[in-house]
Amino acid sequence: MKSSVQPLALLISLVCCVAQADDLSLSTPRLAGIDNFRDVAGLTSAYRTDHDGVMRAGVFYRSNALTPQGDDLAVLNTLKVTTVIDLRSPTEVASQQDSLPANSRYVNVDLIGSNGAFVIDLSKMTVGDVDTMMESGERSFVTSDYTRQGLGEVFRELASADEATLFHCTAGKDRTGWVSAVLQTIAGVSQDDIMANYLATNAYTAPRINATLSTLPASMRDTYGALMGVRANWLQAGLDQVVASYGSMDNYLKQGLGLDQATLYVLRGKMVRYLSLPGQTAFSGNAAEGAGLLNALQDSALSGRYTAYNYYLQNAIDTGSLAGVEKQVGGQVHADAASYLLRQPSRLYDALAPVISGQGMQNEQSRVWLQGLSSYLGTDSSAQASASSEHTNGAMVGVTYRVNDRGAINGGLAYSHGAVSSAGGEVKTNTTALSLGGRYALETLDSGPWLGLQGSAGYIDYQSERHLNGVLGTASGDSNGQYFSGRASVGWLTNAATLSLTPALGVQVSHLNIDGFQESGSELALDMAGVNETQTSLTADLGINIQPQTAGNWTLMPGITLGYERVLNDDTTASHGTLYGFGVDQTSAFGSNNLYKAGLQLSASYRNVTVGTRVNYLTADTHSDGVSGQLDVAIAF
């Protein structure tokens, strides 16, 4: 997969965010028999919230008592109202029971106590008296132990409800208005919008109020009209009491109503869709892809529920930081592991080079050899990807047989253990490989031009772990796969007075296949697509060996090796994962077409035993540096 997918995905994500930001209109239906019915998300358009959020329509509805007319119930069914929370007292419920939507769950939580029994003699009250009484009622939402206990139950019910929820009292203005105002405060709606939503009761219920007032004596209309509607100072009295009693709305919710942070985050996750996450617009590469996934998951089953993801995301909104999870969530380590595995056949060939040439052997002679291998490669972080590191340890046993002056064949069995680490993840690979090859000299294996062909195939056991911040857990996954590789080389062995030179050019083709797999252990565990990639590279190597030197009974041969590899494919390897239908692409940290190698080697022979050691330094264009070492022991027969 090409890395150009990432800018395209980012562009699509930005276009979608712009579309969501522009399309904030609401079309909540008006109900004939429930005239104070409306969406908590807004009136004609969805409210904007703090932190670049927009209220979600169709989550919470507020209304007066459910006395439907005509097709009102059918409309509620189309809105998927499955929970109704009735805030009235038992006396009010008994006098006018709700007509419920089909298959809905009914919850009754009395907020005023004393069974709702009180008598008001409006003939003896002024508008000022009504103001005083209603302000006192709003303050009681803060000061009354009974009411606070009920409100705590209401908000917990709202948090745990599935699909749309409707809450109401009798007129849908005081108890309902307070619950609505608190919800909108939790969401981060501005105080102006909260007040406008509260006062909208006057417009929604105006026809009914006017019809009622027309039947009353003129002397009662002002007082009764005030009581039937709402006034800004009523709600403000309750909000001021929150500050007076608890210092802040957050303290009121937690200390006064007994709500925990998880419940508040669930409520906010249900109500708000954030168009961008903290720092998202500044991210690039894999981090941008990861942040895009975290953003998209707001529209998944993980959002607005008691999940680790929802708690993490809402906390990230509050703290203003994704805490590095944007770099971890996409699974960059899987792209790094694929890049590592594609490069291993070439490293295997480099290790075999000293023991498969057939040089210095007699005709029809065999050399059995054993190798120990170890290597490390680290790649610095970049705007595209997090830093990565690769460790390899392994061993190989095999035999080289010199058929005659011109030909030698070889075969070997190898095992290697690899560990790739990046972006909070680690992939461990255990590879068992078989290598076969041969060399043919146009003159003799000890001098002149030669042709070589080497192939290898391996079985790979693949195990991964990704640590996703503390609260999100660890995503683990296992898979397996195979690789097949072949290299065709042409070289020349030239012997001079004090040294020998062996330049060689080659073409290597490697194919890697890793089966797709499903991670587990975390809510953000990915369904990883398989890897099916072929990499072709050109190689150039130069061996410089000083002519053998005698040291006692041993014959020593020091040397220098230089190498260059040019990859002809794209310079990065990609991975693709999905979660709840949302895809995320990652590119490997190692993204270079050019790899340079320089090494020192020394072999020592005593009779038919040869011991050799080799140390290589590796570097690439992407600030990648490493070292490899090997030890060879060979016995000729």
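A cavity here is a set of grid points where a 1.4 Å probe fits but cannot get out. In this predicted model, seven cavities of 30 Å³ or more are found, and the largest of them has a volume of about 460 Å³. The briefing also covers an open sheet of five strands.

**Largest cavity**
- Of the 29 residues that line the largest cavity, those closest to its centre are Gln 344, Arg 347, Leu 348, Leu 373 and Thr 392.
- Helix 16 gives the largest share of this lining, eight residues, and the other elements that contribute two or more residues include strand 9 (365–379), strand 10 (388–402) and strand 25 (624–636).
- By class, the lining of the largest cavity is made up of 13 nonpolar, 13 polar and three charged residues.

**Second largest cavity**
- The second largest cavity holds about 110 Å³ of space, and among the residues that line it are Tyr 340, Arg 343, Glu 390 and Leu 618.
- Helix 16 again supplies the largest share, here four residues, while strand 9 and strand 10 each supply at least two.
- Five nonpolar, three polar and three charged residues form the lining of this second largest cavity.

**Five-stranded sheet**
- The strands of the open sheet follow the order 1-4-7-5-6 with mixed pairing, and the edge positions belong to strand 1 (38–39) and strand 6 (105–108), each of which pairs on one side only.
- Strand 4 (residues 60–63) runs parallel to its partner, strand 7 (residues 164–168), over four bridges, and Arg 62 has Phe 167 in strand 7 as its bridge partner.
- Helix 5 (residues 145–160) packs on this sheet, where it touches strands 4, 5, 6 and 7, and its direction makes about 180° with that of strand 5.

Terms used
Residues are numbered from 1 along each chain as its sequence is written. This is a predicted model: local features need pLDDT of at least 70, side-chain atom pairs count only at pLDDT 80 or more; totals for chains, interfaces and linings use all residues. Side-chain values use heavy atoms; hydrogens and water are left out. Two strands pair if DSSP finds at least two bridges between them. Contact means heavy atoms within 4.5 Å. Axes are lines fitted to C-alpha atoms, for helices over the stretch in contact, and angles run from 0 to 180 degrees between N-to-C directions. On a 1 Å grid over the protein atoms alone, a cavity is a set of points where a 1.4 Å probe fits but cannot get out, and a pocket is an open set with protein on both sides within 12 Å along at least five of seven lines; lining residues have an atom within 4 Å of a point. Grid points are joined across faces, edges and corners, and a volume is the space filled by probe spheres set on the points. Ala, Val, Leu, Ile, Met, Phe, Trp, Tyr, Cys and Pro count as nonpolar, Asp, Glu, Lys and Arg as charged, and the others, Gly among them, as polar.
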